[in-house]
Amino acid sequence: MSHYVLHSWDKRSALREEIAFDSVSIAGALDKAKMVARGNKADLYEDGSPICSMELVAETGVWLIGKPNENVKD
């Protein structure tokens, strides 16, 4: 089981919320991240390493998953 940390925020605010959780797979972690993200942008980390960036692109709950942001912590 891996440890994941999600940093989420709203693009109108610099305030980030950090949510930590465990998951047995990256697919499960992405599903959990989509459910718990508080803003419309997020960065997901697995065991301290950046995995991906996320952006809510529709009010229906559609998330665009992309490569990790260059400005995330290492």
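These questions and answers walk through the nonpolar core, helix 1 and a hairpin of a predicted model.

Residues are numbered from 1 along each chain as its sequence is written. Local features need pLDDT of at least 70, side-chain atom pairs count only at pLDDT 80 or more, totals for chains, interfaces and linings use all residues, and side-chain values use heavy atoms, without hydrogens and water.

Student: Which element gives the most residues to the largest nonpolar core?
Tutor: A nonpolar core is a set of buried Ala, Val, Leu, Ile, Met, Phe, Trp, Tyr and Cys residues joined through side-chain atoms within 4.5 Å. The largest one here has 14 residues. Strands 1 to 4 and helix 1 (26-36) each give two or more. With four residues, the top contributor is helix 1.

Student: Which residues of helix 1 are buried, and why do they line one face?
Tutor: Buried means under 20% relative accessible area (1.4 Å probe, protein chains only). The residues are Ala29, Leu30, Ala33 and Val36. They line one face because, seen down the helix 1 axis, they fall within an arc of 140 degrees.

Student: What does alanine 33 touch?
Tutor: Contact means heavy atoms within 4.5 Å. Residues up to four places away in sequence are not counted. That leaves Leu6, Phe21, Leu44 and Met54.

Student: Which residue in strand 5 is the bridge partner of leucine 56?
Tutor: Strands pair if DSSP finds at least two bridges between them. Four bridges join strand 4 to strand 5, and the two run antiparallel. They form a hairpin with six residues between them. The partner of leucine 56 is tryptophan 63.

Note on methods: Buried means under 20% relative accessible area, exposed over 50%, partly exposed in between (1.4 Å probe, protein chains only). The arc is that of the directions from the helix axis to the C-beta atoms.
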